[in-house]
Amino acid sequence: MSDRRALVVLFLIMTAIAVAVAAAAIGTLYRAELDHRGNDLLTAVQLQTHLLQLQPDFLQGGAPAPSLDESTRIYRLLGPDASLAIGRLDGETVVYIDNPWLPDLQLPRPAPVNSDREAPMRKALAGEKGTTITHNEDGTTALAAFAPVPGRSLGIVARSDLDAFRVPFIDSAMLAAGLASAVILIGTLLFFAVGNPMVRRSRERADRFRHLFGNIRSGAIVVRAIGEGNDFLITGFNPGAERIEGLSRQEVVGRPLSEAFPALRQSRLMETLKRVSRTGQPEYVPASLYGDEQHHAWRENYVYKLPSGEIVALSEDVTERKEADEALKESEARWRSIIEAHAQAIVIVDGKHEIRFVNQAAEALFGHPQQELLGAPFGFPLVQGDAAEIEIIRSAGNIAYGEMRAIPMRWGGQDIFLLFIQDISAHKRAERDLRKLFLAIEQSPASVMITDVEGRIEYVNPKFTETTGYTYAEVVGKSPGFLKSGNMSKEDYGRLWDTISSGQVWRGEFNNRRKNGELFWELASIAPVRDGRGKVTHYVAVKEDISERKVTEERLRQSQRMETIGQLTGGIAHDFNNLLAIIIGNLQLMEERGGIDRESRELIADAIWSAERGAQLTHRLLAFARRQWLNPKATHINLIVGEMAGLLRRTLGERIEIREELAASVWETMIDRGQLESALLNLVVNARDAMPNGGVLTIATETARLPGTVQTRGEDVTPGDYVVLSVADTGIGMSPEMLERVFEPFFTTKKFGEGSGLGLSMVYGFVRQSGGTITIDSTVGHGTIVRLYLPRARRDENDSEPPNEVPVRRPSPSGEVILVVEDDSRVRKTASNILRKHGYEVVEAEDAGEALQAVDRLLRLDLLFTDVVLANGINGSDLAHQVLCRRPSTRILLTSGYAQHNSSVDKLLAEGIELLAKPYRGAELASRVRTLLDRPPS
């Protein structure tokens, strides 16, 4: 082959090689840049996806804009020629959504989902992620990255124009091809000009170098032993050695090895060279550190002997590998320490489901040391992808809960699972506590309402719905103001908001309105709810319906007011009775005197009539105050109503119709018949006055059990069976305000002068003193119903009427001695004068002590007449008991202005001792005394 032809061939070969290398290089660079561009686009898509996950409401404009760094990073990743679109499916069409965070990106037009241009968006909406080559709307080629938005029916696609992307690479390729051709041409010419002599010399050593480079692996040094074999002369130094050692061939060839590389004098390589030179056996020298003033590196050598007697040392620089090994060891140690110190349990399980590694957190979670866990079977199924909840029984017997994620991987040539187990025991406990708390609130007997800081309701429990009548859907999002009744002032609500807004708890009562319009009372506590930083985020109100308690409290206050009025009335009546006793007694004594003219006698009669009317007034007051003396007997009220029916019809007249609805199975009741008749007459007269134009009056009897079948007025009523006597009219009725005061003494609904206001008061006191209760139901314009609840008589309470005794009349007083005991001197004097006028010998005493002295002193004592209430500690009943102990045959007559509850008095009355109520007429006193004295001894 001629030199010219050889030149052409060499040029063509070199050009082809250069073009191939340049094309491969530029192609590799283009592929790398294309992959890098695709990764940038995919990263931009993933950043946008992450922002959508963090701000799910951005499409409605409710989310704040991302930080400038996040937007800048997306723009930087997209570059100037890329676009990013967010799309969703609308039927079979892809619709694009405005991106408020990248407003300047132009959106593509909606297109069918099956079009080639929408292939990336179709994959994204199908849940796929990656990059692909696609086409733009104008037909140009584009690089597209796509990814779905987890949990949303959205896909994100970023596109970059590939035609513009390829231009710089094509230009570079053309330029490189031109430059390479010029350089190759010049180089070829120079090679033929100066290289022919070298080529000829190289052909002489072609066999040796062909054999040498046929066995070379890396850098090669060819040496020949000199002297006695203690040193070697460098005869060859290949380019690999030049690269590794950083020395040129010219610098080392022809020089002794120990001179060119001083560090090798005491190295293992020098000893190996000597040994191979002697034995001719190739040897491998493991990696060792080589270092001098210029070099410091790790070398790995292979030494063998050529047929020519030269020694070849093939070396490889393993510094990077050694450093990588050290870095790997350091990294493994660092990661092991990190994994060991990681708070999350990390476990490695092999293909046989046996544990191969656990960190400290795993030891704590499982409750076993590492030695017991390694090699033990992992007893839980391994599920890839989703997290699995596992229940761990620890060595102490308690149970822990973990959330496990299994990741398959290769380790040491084996398939293993890397397990991350999060201890969720505290979360499970908190979840159970939260569930219990929620159930407690849902089942709470009190209403619970939670609002935001603006007062809008976010939650109410079922008790709230039961109390107010509003459903959950009707109140959520509203202010609690819809419950207002209008009975509370704005200042009250202002103080409430001031209290809770300052972070304090407000307690108080609300008068609210239910959904049906009914008013009710609530006792409420409203407290602020704070987050972990102490900021008030909500308010919680716990409310209790106290409507019934309010009614009960009002009834109790009414009962206490009535009790207080009764005590005051009783005290006044007692003192008034003493005054009337003096007045009536003295007037009667004056009336019985001779020599009084007619006019004076009339004046005395008028005074006595007025005093007796006052006595009737005090009698009614005592009845209201429950201080009158009663004589209860087992009575059948149906008989009383039947016997009084004729009298009542004559009293009411023809305009009022009387109806009797008497139950046949009514029990007997323990009652004072006279007082009951008086109470019934009062009720009938009141009913007549309430029906001025006539009407219907119904008297009914029935039975009831208290307090189960009727709501009382908040008074203490003994539970049990009761007989009910009711009087109902069709009159004008009473307002609620009147009903509150209807039993108060001197309160009347009649015109001035037409009523004393003591009728219902007397009935109320009589019924309460008899152990029962009274209720009134009245509506204006519809009439009134008064019900008397009287206690049922038991068999052992049925008292048989004593047989009529015919008293044996004894002669008129003949020296009979009567002891009069009264702490009021004027009352005592009046009674004594009346008795003396009737021929009795009277001894007076101021108190019990003076009376007992008289009893011991008197030779004869026929009767003791004593007031129940005495001064100085001993009352009349105790005095009577002591007198009977000393003189059993003495007759006893008690007197009192009011019935003070006293067990000893009740006992004496039960034994037959009689009582004369104040005020009394002189004739009544004389008659009762005579009857007692004439009664035969028992």
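Contact is taken here as heavy atoms within 4.5 Å. The structure is a predicted model, and the passage below treats a parallel sheet with two helices lying across some of its strands, followed by a cavity.

Under this contact rule, helix 25, residues 848-857, lies across strand 29 and strand 30. Its direction is at about 140 degrees to that of strand 30. Helix 24 (residues 825-837) lies across strand 29 (817-821), strand 30 and also strand 31 (863-867); relative to strand 30, helix 24 runs at about 170 degrees.

These strands belong to an open sheet of five strands with parallel pairing, arranged in the order 30-29-31-32-33. The edge positions are held by strand 30 (841-845) and strand 33 (914-917); each has a single partner strand, so one side of each is left without a neighbour in the sheet. On average, and with direction ignored, neighbouring strands of the sheet are turned by 20 degrees against each other. Strand 32 (residues 891-896) runs parallel to strand 33 and is joined to it by four bridges. Within this pair, Ser896 stands opposite Ala917 of strand 33.

Five cavities of 30 Å³ or more were counted in the model. The second largest cavity holds about 40 Å³ of space. Its lining consists of Ile221, Val223, Leu257, Leu264, Leu269, Leu273 and Ala313. Two elements, strand 7 (219-226) and helix 10 (268-279), each give two or more residues to this lining. By residue class, the lining of the second largest cavity comprises seven nonpolar residues, with no polar and no charged ones.

Technical notes. Residues are numbered from 1 along each chain as its sequence is written. This is a predicted model: local features need pLDDT of at least 70, side-chain atom pairs count only at pLDDT 80 or more; totals for chains, interfaces and linings use all residues. Side-chain values use heavy atoms; hydrogens and water are left out. On a 1 Å grid over the protein atoms alone, a cavity is a set of points where a 1.4 Å probe fits but cannot get out, and a pocket is an open set with protein on both sides within 12 Å along at least five of seven lines; lining residues have an atom within 4 Å of a point. Grid points are joined across faces, edges and corners, and a volume is the space filled by probe spheres set on the points. Ala, Val, Leu, Ile, Met, Phe, Trp, Tyr, Cys and Pro count as nonpolar, Asp, Glu, Lys and Arg as charged, and the others, Gly among them, as polar. Two strands pair if DSSP finds at least two bridges between them. Axes are lines fitted to C-alpha atoms, for helices over the stretch in contact, and angles run from 0 to 180 degrees between N-to-C directions.
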